[in-house]
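Here are a few short exercises to work through with the model open in your viewer. Try each task before you read its solution.

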Amino acid sequence: MKSKELKTYTLQEMKDQFVGEIGTKEREEYEYELKMDVIGRMIKQARKERKLTQEQLGNIVGVKKSQISKLENNANSATIDTIVRVFKALKAEINFNVKLEEEYIQLV
């Protein structure tokens, strides 16, 4: 019996097919959500490495424990100011890349 050869797809092809192609509103929203999820996970990991509770980190930053929890689980609701304050409190270096008209500007 002859077996069929399976077609393989790249991650990019799968995203294009199931999320939307680059430049579409759906794709931009997906990429944004993904980045915010990564930021939340980084905050949680750094907090745990520093052996801080959410409440302790909140006290250092000047926000409630619930806001730290929301940040770790979904950074979408946070302001950039809060995110920067949290990373500073965790003594973590943070860099932002801003893309303007196909040029990258790195803010340190």
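**Exercise 1. A helix with two sides**

Task: In this predicted model, find which residues of α4 are exposed and which are buried, and work out how the buried ones are arranged.

Solution: Start with the exposed side, where K70 and N73 each have over 50% relative accessible area. On the other side of the helix from these two, I68, L71 and E72 are buried. Seen down the axis of α4, the buried residues fall within an arc of 95 degrees, so they line one face of the helix. As a reminder, an α-helix has 3.6 residues a turn, so residues three or four places apart point the same way. Finally, look at what lies over that face: the cover of the buried residues includes α2, α3 and α5.

**Exercise 2. Into the core**

Task: Identify the residues with the most contacts inside the largest nonpolar core, and the helices that supply it.

Solution: Inside this core of 16 residues, I43, L57, V86 and L90 have the most contacts. At least two core residues come from each of α2 (25-49), α3 (54-61), α4 (65-73) and α5 (80-89). Now take L57 and set aside its neighbours within four places in sequence: its contacts are then I43, R47, L52, I68, V86, A89 and L90.

**Exercise 3. A pocket and its lining**

Task: Describe the second largest pocket by volume, lining and residue class.

Solution: The pocket holds about 240 Å³ of space. Its lining consists of I22, G23, R27, E28, E31, Y32 and K35. Sorted by class, that gives four charged, two nonpolar and one polar residue.

Terms used
Residues are numbered from 1 along each chain as its sequence is written. This is a predicted model: local features need pLDDT of at least 70, side-chain atom pairs count only at pLDDT 80 or more; totals for chains, interfaces and linings use all residues. Side-chain values use heavy atoms; hydrogens and water are left out. A nonpolar core is a set of buried Ala, Val, Leu, Ile, Met, Phe, Trp, Tyr and Cys residues joined through side-chain atoms within 4.5 Å. Buried means under 20% relative accessible area, exposed over 50%, partly exposed in between (1.4 Å probe, protein chains only). Helices (H or I, at least four residues) and strands (E, at least two) are DSSP runs, numbered from the N terminus. Contact means heavy atoms within 4.5 Å. On a 1 Å grid over the protein atoms alone, a cavity is a set of points where a 1.4 Å probe fits but cannot get out, and a pocket is an open set with protein on both sides within 12 Å along at least five of seven lines; lining residues have an atom within 4 Å of a point. Grid points are joined across faces, edges and corners, and a volume is the space filled by probe spheres set on the points. Ala, Val, Leu, Ile, Met, Phe, Trp, Tyr, Cys and Pro count as nonpolar, Asp, Glu, Lys and Arg as charged, and the others, Gly among them, as polar. The arc is that of the directions from the helix axis to the C-beta atoms.
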